[in-house]
Amino acid sequence: MKQQTILVTGGAGFVGSVCVELLVAQGYDVIVLDNLQTGNRRAVHPKPAWCAAASATPAC
Ligand SMILES: NC(=O)c1ccc[n+]([C@@H]2O[C@H](COP(=O)([O-])OP(=O)(O)OC[C@H]3O[C@@H](n4cnc5c(N)ncnc54)[C@H](O)[C@@H]3O)[C@@H](O)[C@H]2O)c1
């Protein structure tokens, strides 16, 4: 089966970081998009690719 990649916006926040944990545990590739306004990089599972962003239209 083709590997699926899921983008989690706000993935360093309270709800988003839990979503990331669950998705990684289910075997998905996960990309986190978060500007760290209220989130914390350390809350994110180490596996996902990380994409910090200052706006909704990041250059990453
Ligand atoms: N221990 C607990 O029970 C606990 C702890 C924290 C929060 N809460 C509750 O959880 C809720 C809040 O959780 P949440 O996950 O919705 O909020 P959050 O603030 O934790 O997460 C939102 C995430 O979105 C990011 N973000 C915001 N604007 C962005 C933008 N323009 N571009 C990219 N990223 C952006 C923030 O940096 C943050 O990481 C509240 O109801 C709060 O009371 C509970």
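**Sheet, helix and ligand surroundings in a predicted model**

In this predicted model, β1 and strand β2, which spans residues 29–34, pair in the parallel sense through five bridges. One residue of this pairing is T9, whose bridge partner in β2 is L33. The pair belongs to an open sheet of three strands, arranged in the order β1-β2-β3 with parallel pairing. The edge positions are taken by β1 (5–9) and β3 (49–52); each has a single partner strand, so one side of each is left without a neighbour in the sheet. From one strand to the next, the twist averages 20°.

Helix α1 comprises residues 14–25, and L23 lies within this helix. The relative accessibility of L23 is 17%, and the residue therefore counts as buried, the limit for that class being under 20%. A separation of 17 residues in sequence lies between L23 and I6, while their C-alpha atoms are 8.2 Å apart in space.

The ligand is surrounded by residues from two stretches of the sequence as listed here: G10, A12, G13, F14 and V15, together with D34, N35, L36, Q37, T38 and G39. By residue class, this shell divides into four nonpolar residues, six polar residues and one charged residue. Oxygen atoms of the ligand take part in several polar contacts. A polar side-chain atom of T38 lies 2.5 Å from a ligand oxygen atom. In the case of F14, a backbone N or O atom is placed 2.8 Å from an oxygen atom of the ligand. For G13, a polar backbone atom is found 3.1 Å from a ligand oxygen atom. Taken alone, the ligand exposes 860 Å², of which the protein buries 46%.

Among the residues around the ligand, L36 also has a backbone conformation that merits description. L36 is situated in the loop between β2 and β3. Its phi is near 60°, a positive value in a residue other than glycine. In general, most residues other than glycine have a negative phi. With a relative accessibility of 35%, L36 counts as partly exposed, because this class covers values between 20% and 50%. L23 in helix α1, by comparison, counts as buried at 17%.

How values were computed. Residues numbered from 1 in each chain as written. Predicted model: local features only at pLDDT ≥ 70, side-chain atom pairs only at ≥ 80, totals over all residues. Heavy atoms only, no water. Near = heavy atom within 4 Å. Polar contact = N/O pair within 3.5 Å; in protein donor to acceptor, adjacent residues only side chain to side chain. Areas by Shrake-Rupley, 256 points an atom, 1.4 Å probe, with all protein chains shown as cover. Nonpolar A, V, L, I, M, F, W, Y, C, P; charged D, E, K, R; others polar. Pairing = 2+ DSSP bridges. Helix = DSSP H or I, 4+ residues; strand = E, 2+ residues; numbered from the N terminus. Axes fitted to C-alpha atoms, helices over the stretch in contact; angles between N-to-C directions. Buried < 20%, exposed > 50% of the residue type's maximum accessible area, 1.4 Å probe, protein only.
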